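Good morning, everyone, and thank you for making the time. Please take a moment with the sequence and the model before I begin talking through them.

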Amino acid sequence: MGIPPPPPPRRNRLTESECADSTTLFLRLPPTVDSSSYEKELEFMRLFAQRTMEDELNVGVAADSADRITAADEPALRVQVRQPNAEMNYGFLSFASHAAALTTLVSLTGC
């Protein structure tokens with residue numbers, strides 16, 4: 001009896017088509033999230049990212065103010081979500097620009 005062969009290597013990188021450029025952020029849900037909730041949770045993260053950009057743009061403007069700029073009014077604030085496979089716990093947030101993606105990351109991480 002010999003040593004069993006190692007398991008096949010896991011893919012540790014994304015393909016270019018999955019994460020095309022700096023306007024796309026990879027998002028992985030924790031393993032504790034039930035697979036039936038993946039789509040709902042990714043949509044929540046999309047809205048969270050979009051709201052984060054709106055808040056950054058509207059510093060000092062009340063949330064219920066008519067002067068508040070939102071993604072409904074400004075396409076540059078819109079975020080889209082893409083889940084390549086409904087059975088996988090990951091997806092991609094697509095932003096209108098590199099600056100929008102970076103602003104969201106900086107706001108959420110404080111870096």
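I will go from the overall fold to the core, then to the aromatic rings, the salt bridges and the surface.

Please keep in mind throughout that this is a predicted model. The chain has two helices and three strands, and, if you follow the sequence from its start, these elements come in the order β-α-β-β-α. Of the 111 residues in the chain, 28% are buried, and the chain exposes about 7900 Å², of which carbon and sulfur atoms supply 57%. As for how the chain folds back on itself, if we take the contacts between residues at least 6 apart in sequence, 57% of them join residues at least 24 apart.

Let me turn to the interior. The largest nonpolar core has 15 residues, and those with the most contacts inside it are Leu25, Leu29, Ala49, Met53, Val79, Leu93 and Phe95. Two or more residues each come from strand 1, which spans 24–28, and from helix 1, strand 3 and helix 2, with helix 1 giving the most, namely four residues. Leu25 illustrates how this part of the model is put together, for, once its neighbours within four places in sequence are set aside, Leu25 is in contact with Gly91, Phe92, Leu93, Phe95, Ala101 and Leu105.

Two residues with polar side chains deserve a word here. Thr104 lies in helix 2, which runs over residues 98–109, and Thr104 counts as buried because its relative accessibility is 2%, where the cut-off for buried is under 20%. Apart from neighbours within four places in sequence, Thr104 is in contact with Ala49, Thr52, Met53 and Phe95, and two of these, Ala49 and Met53, are among the core residues I named a moment ago. Ser94, in strand 3 (residues 90–95), is buried as well, with a relative accessible area of 18%. Leaving out residues up to four places away in sequence, Ser94 touches Thr23, Thr24, Arg78, Val79 and Gln80.

Now to the aromatic rings. The structure holds four aromatic pairs. In one of them, Tyr90 and Phe92 have ring centres 6.0 Å apart and planes at 90°, so the pair is classed as edge-to-face. Both Tyr90 and Phe92 are buried, and ring pairs link these two with Phe26 into a cluster.

Which charged side chains pair up in salt bridges? A search of the whole structure finds three salt bridges, and I will take them in turn. Glu43 and Arg46 meet through their side chains at 2.8 Å, N to O, and both lie in helix 1, three residues apart, about one turn of the helix. Glu43 is partly exposed at a relative accessible area of 29%, whereas Arg46 is buried at 15%.

The side chains of Arg51 and Asp55 meet in another salt bridge, at 3.2 Å from N to O, and since these residues are four apart in helix 1, about one helical turn separates them. Arg51 is partly exposed, with 39% relative accessibility, and Asp55 is likewise partly exposed, with a relative accessible area of 35%. Asp55 also meets Arg68 in a salt bridge, at 2.4 Å from N to O. Asp55 lies in helix 1 and Arg68 in the loop between helix 1 and strand 2, so this pair ties together parts that are 13 residues apart in sequence. Arg68 counts as buried, at 9% relative accessibility, and Arg51, Asp55 and Arg68 are thus linked in a network of salt bridges.

Ile69 lies in that loop too, between helix 1 and strand 2 (79–82). The C-alpha atoms of Ile69 and Asp55 are 9.0 Å apart in space, with their positions 14 residues apart in sequence. Ile69 counts as partly exposed, at 35% relative accessibility, and, not counting residues up to four places away in sequence, Ile69 touches Glu54, Leu57, Asn58, Glu74 and Leu77.

Finally, the surface. Phe44, Phe48 and Leu108 form a nonpolar patch there, with about 300 Å² of accessible area together. Phe48 is found in helix 1, residues 38–57, and counts as partly exposed at 38% relative accessibility.

That is where I will stop, and I am glad to take questions.

Key:
Residues are numbered from 1 along each chain as its sequence is written. This is a predicted model: local features need pLDDT of at least 70, side-chain atom pairs count only at pLDDT 80 or more; totals for chains, interfaces and linings use all residues. Side-chain values use heavy atoms; hydrogens and water are left out. Patches are made of residues with over 30% relative accessible area and no salt bridge: like charges are joined within 9 Å, nonpolar side chains (Val, Leu, Ile, Met, Phe, Trp, Tyr) within 5 Å. Accessible areas come from the Shrake-Rupley method with a 1.4 Å probe; for residues, only the protein chains shown count as cover. A salt bridge is a side-chain nitrogen of Lys or Arg within 4 Å of a carboxyl oxygen of Asp or Glu. Buried means under 20% relative accessible area, exposed over 50%, partly exposed in between (1.4 Å probe, protein chains only). Contact means heavy atoms within 4.5 Å. A nonpolar core is a set of buried Ala, Val, Leu, Ile, Met, Phe, Trp, Tyr and Cys residues joined through side-chain atoms within 4.5 Å. Rings of Phe, Tyr and Trp (its six-membered ring) pair if their centres lie within 6.5 Å; planes under 30 degrees apart count as stacked, over 60 as edge-to-face and the rest as tilted.
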